[in-house]
Amino acid sequence: LTTLFGAATVWASDVYIDQAGSSTTIDITQTGDGNTVGSSGTPSTIIGDNTKVDITQTGTLNTADIETATGASGSDINYNATGSSNVLDVDISTAMDTTLTTTITGSSNEVTLCGTLGTDASAVASATCATEVSADTTDTTVTIAGSSNKVAVGADAADAVNNINIGAGGVSDYNIVNLSQTGLNSPNVTLNVDGTSNAINI
């Protein structure tokens with residue numbers, strides 16, 4: 001009886017989504033360690049228009065891989081994570097009017113927004129994009145409170161808006177931010193970093 005009830009096994013939850021259809025709302029809440037939404041090999045894919053995806057992960061070593069397919073306009077992706085070693089990868093490519101809002105509290109977190117992902121992050125560098133976001137209208141807000149964070153954004157978008165906030169009013173050290181953004185109109189970047197030993201490449 002001591003063996004049976006003295007320790008409880010906690011299993012990670014793995015969620016894979018292949019969504020088609022317009023005006024869909026998807027809410028995912030995962031608590032514990034090692035939770036996933038999609039994977040680098042098989043990301044969760046949003047195909048329909050005006051889809052709202054809310055993901056909340058609480059724990060450590062959580063990952064989320066989201067891909068919005070070509071033509072899936074008006075996607076609204078909200079990601080919230082509390083814990084350490086959280087990883088969010090979002091591939092937008094040519095999906096128009098996509099909004100990504102990310103709020104992470106913890107350390108050793110990673111957020112990457114690309115058209116398609118090139119390389120994963122290492123201990124000394126953030127991830128890189130194989131292709132950049134090419135949709136003209138994307139709106140991205142990344143807010144992180146904690147240390148040793150990595151943020152990579154690649155946008156070849158004429159009217160992209162990128163807001164990156166690290167520290168959120170408190171100290172956040174050893175951050176790496178790589179932002180590549182081009183466009184013929186008026187791309188907008190706001191970057192706030194509070195802390196020391198930060199590496200910013202724009």
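**Figure 1. Ser75 sits in a loop, tucked away from the surface.** In this predicted model, S75 belongs to the loop that runs between β7 (63–68) and β8 (76–82). Is S75 buried or exposed? Its relative accessible area is 2%, so S75 counts as buried, since the cut-off for buried is under 20%. Look around S75 and you will find I46, G48, T51, T68, D97, T98 and T99 in contact with it, leaving out residues up to four places away in sequence.

**Figure 2. Strand β8 has a parallel partner in β6 and another in β10.** Strand β6 (residues 52–58) pairs with β8 in the parallel sense, over seven bridges. To find your way along this pairing, start at K52, which stands opposite D76 in β8. Strand β10 (residues 98–105) also runs parallel to β8, and seven bridges join the two. Here a good place to look is Y79, whose bridge partner in β10 is T102.

**Figure 3. Tyr79 is a buried residue of strand β8.** Y79 lies in strand β8. With a relative accessible area of 1%, Y79 is buried. Which residues does Y79 touch, not counting those up to four places away in sequence? They are I55, Q57, A64, N86, V87, L88, T101, T102, T103 and I104. Q57 deserves a second look: the side chains of Y79 and Q57 are joined by a polar contact of 2.7 Å. These two residues are 22 residues apart along the chain, and their C-alpha atoms are separated by 8.1 Å.

**Figure 4. The largest nonpolar core brings together 29 residues.** In soluble globular proteins, nonpolar side chains tend to be buried together. The largest nonpolar core here has 29 residues, and those touching the most other members are I55, Y79, L88, V90, L113, I144 and V151. Which strand gives this core its largest share? That is β8, with three residues. Another residue to pick out is V90, which is in contact with I66, I77, L100, T112, L113 and C114 once neighbours within four places in sequence are left aside.

**Figure 5. Val111 in strand β11 meets residues from elsewhere in the chain.** V111 is found in strand β11. Its relative accessible area is 2%, so V111 is buried. Setting aside residues up to four places away in sequence, V111 touches L88, T102, I104, V142, I144, K150, V151 and A152. You can also compare the positions of V111 and N149: they are 38 residues apart along the chain, with their C-alpha atoms separated by 8.3 Å.

**Figure 6. One disulfide joins Cys114 to Cys129.** A disulfide is a covalent bond between the sulfur atoms of two cysteines. The structure holds one disulfide. It joins C114 to C129, with an S to S distance of 2.0 Å. The pair links distant parts of the chain: C114 is in strand β11 (residues 110–114) and C129 is in strand β13 (residues 128–131), 15 residues apart. Why is this disulfide called left-handed? Because the torsion about the S-S bond of C114 and C129 is about -75°. As for cover, C114 is buried at 0% relative accessibility, whereas C129 is partly exposed at 25%.

**Figure 7. Ser148 and Tyr174 have a positive phi.** Most residues other than glycine have a negative phi, and most peptide bonds are trans. S148 is not a glycine, yet its phi is positive, at about 55°. You will find S148 in the loop between β14 (138–145) and β15 (150–156), where it is partly exposed at 31% relative accessibility. Y174 is also a residue other than glycine with a positive phi, near 55°. Y174 is found in the loop between β16 (161–166) and β17 (176–182). Is Y174 buried or exposed? Y174 is exposed, with a relative accessible area of 53%.

**Figure 8. Stepping back to the whole chain.** The close-ups above belong to a chain whose secondary structure comes to one helix and 19 strands. What share of its 202 residues counts as buried? The value is 41%. Among contacts between residues at least 6 apart in sequence, 56% join residues at least 24 apart. The accessible surface of the chain comes to about 9200 Å², and 52% of it belongs to carbon and sulfur atoms.

How values were computed:
Residues are numbered from 1 along each chain as its sequence is written. This is a predicted model: local features need pLDDT of at least 70, side-chain atom pairs count only at pLDDT 80 or more; totals for chains, interfaces and linings use all residues. Side-chain values use heavy atoms; hydrogens and water are left out. Helices (H or I, at least four residues) and strands (E, at least two) are DSSP runs, numbered from the N terminus. Buried means under 20% relative accessible area, exposed over 50%, partly exposed in between (1.4 Å probe, protein chains only). Contact means heavy atoms within 4.5 Å. A nonpolar core is a set of buried Ala, Val, Leu, Ile, Met, Phe, Trp, Tyr and Cys residues joined through side-chain atoms within 4.5 Å. Two strands pair if DSSP finds at least two bridges between them. Accessible areas come from the Shrake-Rupley method with a 1.4 Å probe; for residues, only the protein chains shown count as cover. A disulfide is a pair of cysteine sulfur atoms within 2.5 Å. A polar contact is a pair of N or O atoms within 3.5 Å; within protein, one must be able to donate a hydrogen and the other to accept it, and residues adjacent in sequence count only if both atoms are side-chain atoms.
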